[in-house]
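Q: Please take a close look at the sheet in this model. Cover how its strands are arranged, what packs on it, and which charged side chains sit around it.

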Amino acid sequence: MIKLVLLSDLTDEENKEIDRRLLSLFDDVNPSIGYIPSCSDLNGKYFKKILEYYNKLGIAKVDYFDLDLEYDEQTFTNIFNYDAIHLSGGNTFYFLNLLKKRDLVETVRKYVNNGGILIGVSAGSILTTKTIEIAGYGEDVDQNNVCIDDLNALGLVDFEFMPHWDGSEEIVNSLRNYARAKNTIVYACKDGDGIVIDNSKIELIGDIRIIE
């Protein structure tokens, strides 16, 4: 029973179909979302945008849980009582390193397998795949400044996710080479679009290219 929402980015332009499907995943009429940033957001600049997005959807309980500078193990465990967890965008290597440092990869995996909803944006979406290797592929890549060697991630889906696709065939051709070399499938997603996975059903919302 896996429920995932994989987004490239939250844009100012509304995607009402994604919003509708996201809300339909919740069983509770007053759902709660725990937000995990890819690194500490000490002044709340990025969290504010997320809070506004969910508040517009009618979701009032959205709380911040830090894995980085303000991490508190006892407080953080409360996030697994929330209806959904939101994994933010940012540096994918740094984010995965934090999850491994706090020994949370298996815990998050169990949370999803037990019915918790996982919402990823950009790096957060990449983390749901088997490996984050694609985050370092191409021109505009994340830098592996933490020198993490084990790039295995949550492994909740059997494809890889490339956010911020600009719609160009040049990128598609490059990703096709990557897919062939790695014997994998890549979903390229434009900003504002996304993928909703509800159990075994995969819904592509917007302009998304499947590259085999």
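A: In this predicted model, 7 strands make up an open sheet with mixed pairing. The strand order is 3-2-4-5-1-8-9. Strand 3 (61-64) and strand 9 (201-205) are the edge strands, and each of them pairs on one side only. From one strand to the next, the twist averages 15 degrees.

Strands in a sheet pair through backbone hydrogen bonds, in a parallel or an antiparallel sense. Strand 2 (residues 32-36) and strand 4 (residues 84-87) are a parallel pair, joined over 4 bridges. Within this pairing, G34 has I85 of strand 4 as its bridge partner.

Two helices that cross the sheet come next. Helix 5 (residues 105-113) lies across strand 1, strand 4 and strand 5. Its angle to strand 5 is about 120 degrees. Helix 1 lies across strand 1 (3-7), strand 5 (117-121), strand 8 and strand 9. Helix 1 runs at about 155 degrees to strand 9.

Helix 1 also carries charged residues. E17 and R20 both sit in this helix (residues 16-24), 3 residues apart, or about one turn. Their side chains form a salt bridge, at 2.6 Å from N to O. Both ends are partly exposed: E17 has a relative accessible area of 33%, and R20 has one of 46%.

R21 reaches from the helix to the sheet. Its side chain meets that of D198 in a salt bridge of 3.8 Å, N to O. This pair links distant parts of the chain, with R21 in helix 1 and D198 in strand 8 (residues 194-198), 177 residues apart. R21 counts as buried, at 9% relative accessibility, because the cut-off for buried is under 20%. D198 is partly exposed, with a relative accessible area of 24%.

A further salt bridge involves K182 and E133, whose closest N and O atoms are 2.6 Å apart. Here too the pair links distant parts of the chain, 49 residues apart. K182 belongs to helix 7 (residues 169-182). E133 lies in the loop between helix 6 (123-126) and strand 6 (160-162). Both count as partly exposed, K182 at 39% relative accessibility and E133 at 31%. Elsewhere, salt bridges with shared partners join R21, D198 and E203 into one network. In total, the structure holds 9 salt bridges.

D193 is a charged residue without such a partner. D193 lies in the loop between strand 7 (186-189) and strand 8. D193 is buried, yet has no salt bridge. The nearest side chain of opposite charge is that of K190, 6.2 Å away. That distance does not qualify, because a salt bridge needs the nitrogen within 4 Å of the carboxyl oxygen. The D193 side chain does have a polar contact with the side chain of N15, at 3.5 Å. Beyond its neighbours within four places in sequence, D193 is in contact with L6, L7, S8, N15, I18, I205, G206, D207 and I208. Of these contacts, L6 and L7 fall in strand 1 (3-7). I18 falls in helix 1 (residues 16-24), and I205 in edge strand 9 (201-205).

How values were computed. Residues are numbered from 1 along each chain as its sequence is written. This is a predicted model: local features need pLDDT of at least 70, side-chain atom pairs count only at pLDDT 80 or more; totals for chains, interfaces and linings use all residues. Side-chain values use heavy atoms; hydrogens and water are left out. Buried means under 20% relative accessible area, exposed over 50%, partly exposed in between (1.4 Å probe, protein chains only). Lys and Arg count as positive and Asp and Glu as negative; His and the chain ends are not counted. A polar contact is a pair of N or O atoms within 3.5 Å; within protein, one must be able to donate a hydrogen and the other to accept it, and residues adjacent in sequence count only if both atoms are side-chain atoms. Contact means heavy atoms within 4.5 Å. Two strands pair if DSSP finds at least two bridges between them. Axes are lines fitted to C-alpha atoms, for helices over the stretch in contact, and angles run from 0 to 180 degrees between N-to-C directions.
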